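Biologist: I would like to learn how to read the features of a model such as this one, beginning with its sheets. Could you take me through them in order?

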Amino acid sequence: MDTAHPSFPILVALFVLLLGVTSSQPYEEFLQCLEFHDNYNTTISQVTFTPINSSYDSILQFSIKNSRFNTSASPKPVLIVTPYSIPQIQTTILCSKKHKFQIRIRSGGHDYEGLSYTSPDQNSSFLLLDLIRFRNISIDLAQQTAWIQPAVTTGELYYRIAEKSSILAFPSGICPTVGLGGQISGGGWGTLLRKYGLAADNVLDATVIDAKGRILNRASMGEDLFWAIRGGGGNTFGIVIAWKIKLVPVPATVTACTVTRTLEQNATEIVHRWQYVVDKLPNDVFFMVVLNSVANPVQANATTIQASFNSLYLGGIEGLIPMMDAKFPDLGLRRENCVEMSWAKSILYFAGFPLNSPLESLLDRTISATGSAKFKGKSDYVKEPIPISGFEGIWEKLKEVGVQTGGLILASYGGKMSEIPESSIPFPHRAGNIYQVEEVAFWVEDGVEAADGYLNWLRGLYEYMTPYVSKNPREAYANYRDLDIGRNGGGGEGDYRRARSWGSSYYKNNFDRLVRVKTAVDPANFFRNEQSIPPLSSWR
Ligand code: FDA
């Protein structure tokens, strides 16, 4: 206990009095519970925020990365806790259990459906455990490993690695503001996936606090739980407070390229051809295609479809051009389409920053790839090339929405992703996939009517994609959370049979093992949300 501060119980009492809390407030008993576990080495007013606190809105909104859930109608936490220390997290678990508070855990706040800070259930009552202060990174260059805390963003990690070495990296996501607490919990793919697999494939150890408040590492949690937390979804098995990750080698110079083609420039044929090439390229090449509707550059007041081919090659431009000429001549890749840079800089390139942006931009967690837009995403996996006629139908769908408000992102698979067995970690989408698809809609308009318009458009596109994508189950990426494919009952109450449908899409045959692990480590389903794995006891 820090003796420079007045005692914790007195501060709690003062805090409660100052806020004018009445016995009807749902958080009063919770705060009193904290009072009896005075392991806070700071004052309670610095770590707990109720809706009448002046900082409540700014703390809640700081890590909301989808404006769709930042409205007056979005259900809000009855209390926000921003702990400094592990004992404070343990106390929060203990008091939440005692007072039957559901907790939402937030690291980077990028959950597609906002489940780390809100709920689709208007009647839900929950507490937000915001891990924003858990941002330490400790890199061991000799061992080529690092310990990272959950609110570290991918950009912060890449920057700190680059500070120490230009030939090391980590195979996590492209957007630099995403939190590694949530991202590794669901997989985590980026431009290194064909070379090294996912972020979750490169985790060596972890520190987790379980539903009993115990601090576990890989040895003490056992291999089943260690398996489950690497891709089995966040807020399900415990609170990850640190990951130990394996850094991977990259060349000092990599080459990033962009080629854009419209329908008038043969985009349909080139995208079609891309499918036959992309999963067979050397593992040093990553390829992504962004498809959307744009203003027609050669015809006023008209739109066309643009395919933007973005690639990263782990090497210099001299090696890339002859290889692409040989393997994918249809693209017509030229030197002027490409720029050599460090791997860390290539993250800024892929995230859409101007070429002269300083590397420090990776540290700015307030920048959002989606800006202030509202969005919804859905995902698919393609195992057989889509025919030309299939793409022509996609173009019609894209023309239905405004320029740049809806699109598809195709990300190449193959390489290391095909070598890792489906059951290695809970993420099962491995051999046999040519590419992953994300269908997405963005909009800025407020109101339910506008939202419904974009959501219906996206659902129509997803329906259209049905014959061209994986089946039985129709696979989906857990980190592109989509409540349309199914959800637990109100407040996250699990039901095994209901969960099986969306669970199979995310985890395929790994779903049952995830249920067994959940049943063993959290049978009372303390950690839960609308798409957390339910324990077997929920089979009603
Ligand atoms: P957030 O804090 O919202 O957490 C997501 C989920 O994990 C929630 O259920 C939460 O409760 C739980 N959780 C968070 N921290 C936890 C912890 N410490 N312990 C236990 N549970 C925890 N994905 C990808 O693979 N590659 C990419 O390139 C991108 N790019 C991208 C860009 C943008 C703009 C967005 C919005 C999203 C992505 N994603 C992505 C998807 C992203 O990986 C996914 O949304 C992650 O879950 C986000 O992790 P955060 O910690 O930021 O979110």
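Modeller: Two strands are said to pair if DSSP finds at least two bridges between them, where strands (E, at least two residues) and helices (H or I, at least four residues) are DSSP runs numbered from the N terminus. Please keep in mind that this is a predicted model, in which local features need pLDDT of at least 70 and side-chain atom pairs count only at pLDDT 80 or more, while totals for chains, interfaces and linings use all residues. Residues are numbered from 1 along each chain as its sequence is written, and side-chain values use heavy atoms, with hydrogens and water left out.

Biologist: In what order do the strands of the open sheet of seven strands lie?

Modeller: Strands of a sheet pair through backbone hydrogen bonds, either parallel or antiparallel. Here the seven strands follow the order E15-E12-E14-E13-E17-E18-E16, and their pairing is antiparallel. Strand E15 (338-341) and E16 stand at the edges with a single partner strand each, so one side of each has no neighbour in the sheet. On average, neighbouring strands of this sheet are turned by 20 degrees against each other, direction ignored; for such angles, axes are lines fitted to C-alpha atoms, for helices over the stretch in contact, and values run from 0 to 180 degrees between N-to-C directions.

Biologist: Which residues stand opposite each other where E12 meets its partners?

Modeller: Strand E12 (residues 254-262) pairs with E15 in the antiparallel sense over four bridges; Thr 255 has Glu 340 in E15 as its bridge partner, and Cys 257 stands opposite Cys 338 in E15. E12 is also joined to E14 by eight bridges, again running antiparallel, and there Thr 260 stands opposite Ser 308 in E14.

Biologist: Which helix lies across E12, and at what angle does that helix run?

Modeller: Contact here means heavy atoms within 4.5 Å. Helix H11 (residues 343-350) lies across E12, strand E13 (285-295), strand E14 (303-313) and E15, running at about 20 degrees to E12. H14 packs on the sheet as well, touching E16, strand E17 (406-412) and strand E18 (435-443), with a direction that makes about 160 degrees with that of E18.

Biologist: How should I read the open sheet formed by five strands?

Modeller: Its order is E5-E6-E10-E8-E9, with antiparallel pairing, and the edge strands, E5 and strand E9 (215-216), each pair on one side only. Helix H5 (residues 154-164) packs on this sheet and touches E5, E6 and E10, its direction making about 35 degrees with that of E5, whereas helix H8 (residues 218-229) lies across E8, E9 and E10 at about 105 degrees to E8. Strand E8 (residues 203-209) and strand E10 (residues 239-246) pair over six antiparallel bridges, and the bridge partner of Ala 206 is Trp 243 in E10.

Biologist: How many disulfides does the structure hold?

Modeller: A disulfide is a covalent bond between the sulfur atoms of two cysteines. With the criterion of a pair of cysteine sulfur atoms within 2.5 Å, the structure holds two. One of them joins Cys 33 and Cys 95, whose sulfur atoms are 2.1 Å apart, and the torsion about their S-S bond is about -80 degrees, so this disulfide is left-handed. The pair links distant parts of the chain, with Cys 33 in helix H2 (residues 28-35) and Cys 95 in helix H4 (residues 86-98), 62 residues apart.

Biologist: Where in the backbone should I look for a cis peptide bond?

Modeller: The peptide bond from Asn 472 to Pro 473 is cis, with omega near 5 degrees, and Pro 473 is found in the loop between H14 and helix H15 (496-507). Another backbone detail concerns Gln 144, whose phi near 55 degrees is a positive value in a residue other than glycine; Gln 144 belongs to the loop between strand E5 (137-140) and strand E6 (145-148).
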